[in-house]
Amino acid sequence: MMIISQIKAPLAAETLEQLTAILHEAVSLGASIGFTDAAQQLKEMYHYWQQIDHGLTAGHIQLYCAFVDNHIVGVVGLEVCQKLNGRHRGEVFKLIVSASWRGQGIARKLMQSVTHEAEKQGLKLLLLDTRSNDITVPFYQSLGWRQVGEIPNYALSTEGELQATTLMALYLSSQ
């Protein structure tokens, strides 16, 4: 049975290792999620999750994981803007589902969890960016997200090519 839970700081060593493994797998499969070389950047991936742990401790980042038998099979993050004029918005980041668990609605459930939490916090706007011309764009649109722009040559792919990113927004009805 799959369970989605919000993860609290401090992240245990086992959690850091599992998060690094799921990120490593995604980059190995060509995901555009901040890293370009899974074989060479494993240490940087681990360090990334350690930095996220600092944001969890500070309280401006929330992390949601999908677990099956106490093993992380999916993750998504929410970072609330810390600028005084932006505290009504948050950025969704690192939606990852392990390849062997894709196609089972886990990404949708993770996104619903993060959206629900954002509404509970009173956020009015969520933002994310995703690789243009990817299956993720229609996926996010199916959840009510709107495409609000595109930036050409935004990120270097795992193949060494510059790729565009699509900016997306979700307007929340929280009061």
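**Exercise 1. Locate D69 and state what marks its backbone.**

Solution. D69 lies in the loop that runs between strand 2 (61–68) and strand 3 (71–80); strands here are DSSP runs of E of at least two residues, helices are runs of H or I of at least four, and both are numbered from the N terminus. Next, consider phi: D69 is not a glycine, yet its phi is positive, about 50 degrees. Most residues other than glycine have a negative phi, and most peptide bonds are trans. The model is a predicted one, in which local features need pLDDT of at least 70 and side-chain atom pairs count only at pLDDT 80 or more, while totals for chains, interfaces and linings use all residues. Residues are numbered from 1 along each chain as its sequence is written, and side-chain values use heavy atoms, with hydrogens and water left out.

**Exercise 2. Identify the residues joined by a cis peptide bond.**

Solution. The bond joins A9 and P10, with omega about -5 degrees. P10 belongs to the loop between strand 1 (2–7) and helix 1.

**Exercise 3. Describe how helix 1 and helix 2 pack.**

Solution. Begin with the geometry: helix 1 (residues 13–28) and helix 2 (residues 42–58) pack at about 130 degrees, their axes 9 Å apart. Axes are lines fitted to C-alpha atoms, for helices over the stretch in contact, and angles run from 0 to 180 degrees between N-to-C directions. Helix 1 is therefore oblique to helix 2, given that angles under 35 degrees count as roughly parallel, over 145 as roughly antiparallel, 65 to 115 as roughly perpendicular and the rest as oblique. Then list the contact (heavy atoms within 4.5 Å): L16, E17, L19, T20, L23, H24 and V27 of helix 1 meet L42, M45, Y46, Y48, W49 and Q50 of helix 2. By class, 9 of these residues are nonpolar, 3 polar and 1 charged; Ala, Val, Leu, Ile, Met, Phe, Trp, Tyr, Cys and Pro count as nonpolar, Asp, Glu, Lys and Arg as charged, and the others, Gly among them, as polar.
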